Amino acid sequence: MRIDTRLIAATVAASATLGACSADTTAPRLAGPRTVSVSFTTVAPAGSSASLLSLASATAATDSIRITKAQLVVSRIELQKAGANTCASQEAAGDDEHDRDGKNSDCAELELAPTIVDLPVDSTITNKLTVSIPSGTYSSLEAKIGPVTGKRGQGSTDFLTAHPDFTNVSVRVEGTFNGKAFTYTGSPRIEFEKSFNPPIVVDSGAVNVTMNVDLRSWFKDRSGAFIDPSTANTNGANAALVADNIRRSFRAFRDDDRNGRDDHDEHGGGR
């Protein structure tokens, strides 16, 4: 499914595997590795006055949701070299054995094993990942969010050993609905791609990409009214609705100053 971007499946981890990619035909390769960070935020869209921690229903003032924890399992984040072919498949997401044998390394500039991302549940922006990648020009970011099965290699097995509660789970949320505690667990698979126009040049300057996740939209029906998150767990009446809401809630943009706003918009399209 796509929104300004394409939503993907999978998990993030602490160690990066850097691969040699196709030749960059749009800009000369610069010497040496450079640092790139990926940040996460749940800041409300411009013009929204709703607090993330205590959300009032648009149609029923008696319903309220308070979110105290929200977690994603990210299996892969890639920065795609300008001029290279996209070759990371959904089936390969989280497949650390596949990455290690080099079958996919020629197109994946930034590859990560499965890990958990704790989304901020306020207006902050959290820097969750910093890695070194080859200098050069990058045309897009790809991310995969989805459940880890433990069948794709040692990285996946290690992840499930450390986080058994996340077996076949890609999203976990804790909070209260009308004052009653709830825990939501779901397994939506999300494939996400954001193309950069103009492409990002990674050289001597700091480069940051922010992923904004609209938590406010997750537990709402089509009319904007809140639903009880406990009805959205596996086989629940609202499981498919919430999974679809989650898939639609992601966007990414270049945000070097980490203020939660798209640099391209702030600088009049000049970055």
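Which residue lies over the face of Tyr138, and at what distance from the ring centre? In this model, which is a predicted one, the residue over that face is Lys81, placed at 4.7 Å from the centre of the Tyr138 ring.

Let me turn from that contact to the nonpolar interior. The largest nonpolar core has 45 residues, and the ones with the most contacts inside it are Leu119, Val173, Tyr184, Trp218 and Phe250. The element that gives the most to this core is strand S6, covering residues 64-81, which supplies 7 residues. There is also a second core, separate from the one just described, and among its 7 residues are Val73, Ile116, Phe159 and Leu160.

Phe159 and Leu160 bring us to helix H2, where they belong to the buried set, together with Gly155 and Ser156. Those four cover an arc of only 130° around the axis, and therefore they sit on the same side of H2. As a reminder, an α-helix has 3.6 residues a turn, so residues three or four places apart point the same way. On the face of H2 turned away from that buried side, we find Thr161 and Ala162, both of which are exposed.

Two of the core residues I listed, Val173 and Tyr184, also meet in the strand pairing, since Val173 stands opposite Tyr184 in S12. The two strands concerned, S11 and S12, pair in the antiparallel sense over 7 bridges. They form a hairpin with 2 residues between them, and Asn178, in the turn, has a positive phi of about 50°.

Strand S12 runs over residues 180-186, and Lys180 lies in it. Is Lys180 buried or exposed? Lys180 is exposed, with a relative accessible area of 62%. Lys180 can also be placed relative to Asp228, from which it is 48 residues apart in sequence and 9.8 Å apart in space, taken from C-alpha to C-alpha.

Next, the aromatic contacts, of which the count comes to 3 pairs. One of them joins Phe182 and Phe219 in an edge-to-face arrangement, with 5.9 Å centre to centre and 70° between the planes. This pair links distant parts of the chain, given that Phe182 is in strand S12 while Phe219 is in the loop between strand S14 (207-213) and helix H3 (239-247), 37 residues apart. Both Phe182 and Phe219 are buried, and with Tyr184 they form one aromatic cluster.

Finally, some points of backbone geometry that you may wish to inspect for yourselves. Which peptide bond is cis? The bond from Asn197 to Pro198 is cis, with omega near 5°, and Pro198 is placed in strand S13, residues 190-202.

Positive phi values also occur in residues other than glycine, one of them being Asn168, where phi is near 60°. Asn168 is in the loop between helix H2 (154-162) and strand S11 (171-177), and it is partly exposed, with a relative accessible area of 44%. Another is Arg258, with phi near 55°, found in the loop between strand S15 (250-254) and helix H4 (263-266). Arg258 is likewise partly exposed, its relative accessible area being 38%.

Methods:
Residues are numbered from 1 along each chain as its sequence is written. This is a predicted model: local features need pLDDT of at least 70, side-chain atom pairs count only at pLDDT 80 or more; totals for chains, interfaces and linings use all residues. Side-chain values use heavy atoms; hydrogens and water are left out. Buried means under 20% relative accessible area, exposed over 50%, partly exposed in between (1.4 Å probe, protein chains only). The arc is that of the directions from the helix axis to the C-beta atoms. A nonpolar core is a set of buried Ala, Val, Leu, Ile, Met, Phe, Trp, Tyr and Cys residues joined through side-chain atoms within 4.5 Å. Two strands pair if DSSP finds at least two bridges between them. Rings of Phe, Tyr and Trp (its six-membered ring) pair if their centres lie within 6.5 Å; planes under 30 degrees apart count as stacked, over 60 as edge-to-face and the rest as tilted. A charge sits over a ring if NZ of Lys or CZ of Arg is within 6 Å of the ring centre and within 35 degrees of the ring normal.
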